[in-house]
Amino acid sequence: MESDRARELLRAERERIERALRRLEHEDDGEEADEYDPGNLASDLYQDELDEGLEEDLREQLTAVERAEQRLAAGTYGLSVESGQPIPDERLELLPTAELTADEERARTQR
């Protein structure tokens with residue numbers, strides 16, 4: 001894959017993740033806290049925990065983008081970090097942060 005295309009894909013991926021992180025920032029809904037309504041408390045707790053999980057996942061994705069950008073700078077972007085084999089451009093188009101070939105990824109998840 002050409003470096004310019006890889007940079008474009010990684011930039012778009014970074015922007016997508018950062019937008020999603022901004023959407024997760026706590027917004028005041030204007031409602032007073034009702035500490036005596038277990039339904040409201042449960043709903044708020046559920047949403048907070050869901051948002052924390054989503055934020056953690058997005059931060060991991062952002063870290064993967066940073067690793068991919070480092071590989072691009074080092075000239076190893078598009079090569080498996082495990083075997084050094086080329087990762088097909090089609091895979092990188094779909095998953096710009098791919099670190100493994102599809103076969104290696106499958107083998108890793110089956111372990």
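The questions and answers below cover the helices, salt bridges and nonpolar cores of a predicted model.

Residues are numbered from 1 along each chain as its sequence is written, and side-chain values use heavy atoms, with hydrogens and water left out. In this predicted model local features need pLDDT of at least 70 and side-chain atom pairs count only at pLDDT 80 or more, while totals for chains, interfaces and linings use all residues.

User: How far does H1 reach from its first C-alpha to its last?
Analyst: Helices (H or I, at least four residues) and strands (E, at least two) are DSSP runs, numbered from the N terminus. H1 has 22 residues. The expected span is 1.5 Å times one less than the number of residues. That gives an expected 32 Å, and the reach of H1 is close to it, at 32 Å.

User: What arc do the buried residues of H1 cover around the axis?
Analyst: Buried means under 20% relative accessible area, exposed over 50%, and partly exposed in between (1.4 Å probe, protein chains only). The buried residues of H1 are Ala6, Leu9, Leu10, Glu13, Arg14, Ile17, Ala20, Leu21 and Leu24. They lie on the same side of H1, because the arc, taken from the directions from the helix axis to the C-beta atoms, is only 135°.

User: Which residues are exposed on the other side of H1?
Analyst: The side of H1 in question lies opposite the buried residues, among them Leu9 and Ala20. The exposed residues there are Asp4 and Arg23.

User: How many salt bridges are there?
Analyst: Side chains of opposite charge can pair when their charged atoms come close. A salt bridge is counted where a side-chain nitrogen of Lys or Arg is within 4 Å of a carboxyl oxygen of Asp or Glu. By this rule the count is 13.

User: Which residue forms a salt bridge with arginine 11?
Analyst: Arginine 11 is partly exposed, at 44% relative accessibility. Its partner is four residues away in helix H1 (residues 3–24), so about one helical turn separates the two. The closest N and O atoms are 3.4 Å apart, and the partner is glutamate 15.

User: How far apart are the closest N and O atoms of arginine 14 and glutamate 18?
Analyst: These two residues are four residues apart in helix H1, which means a separation of about one helical turn. Glutamate 18 is partly exposed, at 29% relative accessibility. Arginine 14 is buried. In their salt bridge the closest N and O atoms are apart by 3.5 Å.

User: Which residue pairs with arginine 106 in a salt bridge?
Analyst: Arginine 106 is partly exposed, with a relative accessible area of 45%. The partner also lies in helix H4 (residues 102–109), three residues away, about one turn of the helix. With the closest N and O atoms 2.4 Å apart, the partner is aspartate 103.

User: How many residues make up the largest nonpolar core?
Analyst: A nonpolar core is a set of buried Ala, Val, Leu, Ile, Met, Phe, Trp, Tyr and Cys residues joined through side-chain atoms within 4.5 Å. The largest one includes Ala6, Leu72, Tyr77 and Ile87. H1 and helix H2 (38–74) each supply at least two of its residues. The number of residues in this core is eight.

User: Which residues does alanine 6 touch?
Analyst: Contact means heavy atoms within 4.5 Å. Residues up to four places away in sequence are not counted. The residues touched by alanine 6 are Met1, Leu72 and Tyr77.
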